[in-house]
Amino acid sequence: MRRTEPEGHGPVRYGPPLPDQGLPVLPELAAALSAAAGRPDAVPPGGGPALLGAACGYWDRRGLPTAPDRAVAAPGAPALLLALTAAIGGDVLLPRPCAAWWEPEARALGRSVFHVGTPADCGGVPDPYALLETVRRIRAEGGDPRLLVLCVADDPTATVAPPELVHETMEAAVGEGLYLVSDETWRDTLHDPHDTVLLSPAEMLPDRVTVVTDLAGPFLPPGWPAAVARFPADGDGAGLRDRVLDVLTALGARVATPVAAAAAYALDEPAPVTERLAAAVRLHARLAAAAHRAVAAAGALALPPNAGRHLYVDLAPLRSALTERGVGDAQELEDYLTARLGLPAPGGHRFGDDLGALRVRLSTGPLLGTTDEERAKALATSDPLELPHVERALTVLGAVFEDLR
C-alpha cells in the first residue's frame with residue numbers, strides 16, 4: 001500500500017525532480033534568456049518557429065530527420081506526456097522501475113497503469129517476454145493496453161539498454177499494436193559515448209514512435225522548463241501531433257518567451273553549449289563512478305552508471321542492519337538516508353518499484369558543493385575528486401553506507 005500522508009509523501013504530491021547539473025548557469029544561456037525578457041509576445045502553444053526549427057536541427061544531427069510540422073514544444077516533458085497519454089487513450093505500460101514523473105501523468109487522466117519488469121542488466125526497456133505476457137493478461141481481464149513508454153538511457157537506473165534488447169522489445173510492442181513514446185532526455189549524457197551504443201526506437205520504427213526530450217537533461221537548468229517532442233513523418237504522426245496540440249492549448253501549456261529563446265539557443269548547439277555539456281558529462285561520470293565504488297564497497301548493489309547524473313542503489317544485502325535502525329521499506333529508507341547524507345535519496349517506490357524493496361536513487365549534483373564557486377571549481381579542475389568539498393561529500397556517502405555493513 002502506498003503512503004499518501006498530506007505532508008508530501010504521496011506519489012503525486014511528492015515527485016523527485018530530474019537530477020540537475022548542480023552547476024552555475026552557462027553565461028551564454030543566461031544572455032539568450034535575458035535578451036528575450038523584454039518581449040511581450042507569447043510563444044504559441046506547441047512552440048514558435050525559432051524553437052521548433054532548432055529542435056529539428058537537433059534531431060537531424062542525431063540521424064532523426066524532422067520537419068517543423070512534426071515537432072512540438074511544451075513547458076517540460078510532463079506536459080508532453082500528459083498530452084500524449086490523453087491523445088492516444090487506453091491503458092499505459094511502463095517499465096519497472098521508471099522515471100518518477102511518468103505514472104502520475106497517466107493516473108491524473110484516470111488511466112490504468114501496468115508496470116513490466118526489466119532485464120537484470122539494465123533498466124528503462126521492458127523485457128520483451130514479460131511485455132507480451134502483461135499485454136495479454138491485461139486484455140484477458142478486459143483492459144485496453146495502447147501506450148508503452150520507455151527510456152533507452154534510463155532514469156532512475158542510469159543504464160543504457162543494448163540495441164538488441166531495444167529491437168526485441170520494439171518487435172513485441174508493435175506486434176501487439178502498442179504505440180511507443182521514447183523518453184530521450186538523457187541520450188546526450190552518455191558517460192562513455194565511444195563504448196556505449198544508444199539506439200533510438202525512432203530509428204527502428206519511425207512511424208510508431210514519438211520522441212520526448214526534456215531539455216533539463218542536457219541543456220537547461222531545472223527552473224527553465226522546456227521540452228520538445230518529435231512525431232513520426234508517416235502513419236498517424238500528423239493526427240497525433242494535432243491532438244497533442246489540442247491538449248496543450250486547452251491546458252495553456254506554453255513555453256515562456258525567455259525560456260523559449262534560451263532553449264532555441266541551446267538546441268542550435270553552439271560551441272559554448274556543447275563544450276559545457278561535454279565538461280558536465282565528464283564531471284558527473286567521475287562522480288557517479290566514485291559513488292558507485294563507495295556503495296559497492298559497503299555491500300550494496302547498483303548497476304554501473306552509464307548515463308545521466310545519478311545511480312540506483314539496492315540495499316537488500318544490508319536489510320538486517322537497516323531493520324535494526326527501524327528501516328523496513330523504501331519510504332523509511334528514503335527518510336533515513338536523506339537525513340544522514342544531507343542530500344535527496346528518493347526511494348524506489350517513487351519510480352514504480354515495490355514499497356518493500358530497499359532501493360533509492362542518488363544524484364551526483366549535490367556532491368559538487370553548496371556554492372556556485374565550489375561547483376565552478378569542480379567543473380574547471382582536471383580531478384574533481386581531489387577537491388576538499390567533493391572529497392568530504394564522498395567520504396560522508398561512503399561512511400553512511402559502510403556503517404550499515
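These exercises walk through a predicted model of a protein.

**Exercise 1. Overall build**

Task: State how many helices and strands the protein has, and judge how compact it is.

Solution:
- Start with the elements. The protein holds 14 helices and nine strands.
- Take the radius of gyration next. It is 21 Å.
- Set that against the globule rule, which gives 22 Å for 405 residues. The two values are close, so the protein is as compact as a globular protein of that length.
- Add the extent. The C-alpha trace spans about 55 × 55 × 45 Å along its principal axes.

**Exercise 2. Inside and outside**

Task: Find what share of the residues is buried, and describe the exposed surface and the charges.

Solution:
- Buried means under 20% relative accessible area. Of the 405 residues, 58% are buried.
- Now the surface. The protein exposes about 15,900 Å². Carbon and sulfur atoms supply 54% of that area.
- Then the charges. There are 35 positive and 52 negative side chains. The centres of these two sets lie 3 Å apart.

**Exercise 3. The cores**

Task: Locate the largest nonpolar core, and name the helix that gives the most to it.

Solution:
- The largest nonpolar core has 94 residues.
- Look for the residues with the most contacts inside this core. They are Trp102, Leu131, Phe219, Leu220, Leu248 and Leu267.
- Helix α3, residues 77-88, gives the most to this core: eight residues.
- Zoom in on Trp102. Leaving out residues up to four places away in sequence, Trp102 touches Leu81, Leu94, Pro95, Val149, Leu150, Cys151 and Asp183.
- Another core lies apart from the largest one. It has 38 residues, among them Leu287, Ala345, Ala378 and Leu394.

**Exercise 4. Unusual backbone**

Task: Which peptide bonds are cis, and where do Ala158 and Glu269, with their positive phi, lie?

Solution:
- Recall the usual case. Most residues other than glycine have a negative phi, and most peptide bonds are trans.
- A cis bond joins Arg96 and Pro97, with omega about 0°. Pro97 sits in the loop between β2 (91-96) and α4 (102-108).
- The bond from Asp155 to Pro156 is also cis, and its omega is near 25°. Pro156 belongs to the loop between β4 (145-150) and α6 (163-175).
- Ala158 lies in the loop between β4 and α6. Its phi is positive, about 65°. Ala158 is buried, at 0% relative accessible area.
- Glu269 has a positive phi of about 55°. Its loop runs between α9 (257-267) and α10 (271-297). The relative accessible area of Glu269 is 17%, so Glu269 counts as buried.

Conventions:
Residues numbered from 1 in each chain as written. Predicted model: local features only at pLDDT ≥ 70, side-chain atom pairs only at ≥ 80, totals over all residues. Heavy atoms only, no water. Helix = DSSP H or I, 4+ residues; strand = E, 2+ residues; numbered from the N terminus. Rg over C-alpha atoms; globule rule 2.2 N^0.38 Å. Buried < 20%, exposed > 50% of the residue type's maximum accessible area, 1.4 Å probe, protein only. Areas by Shrake-Rupley, 256 points an atom, 1.4 Å probe, with all protein chains shown as cover. Lys, Arg positive; Asp, Glu negative; His and termini not counted. Charge placed at Lys NZ, Arg CZ, Asp CG, Glu CD. Core = buried A, V, L, I, M, F, W, Y, C linked by side-chain atoms within 4.5 Å. Contact = heavy atoms within 4.5 Å.
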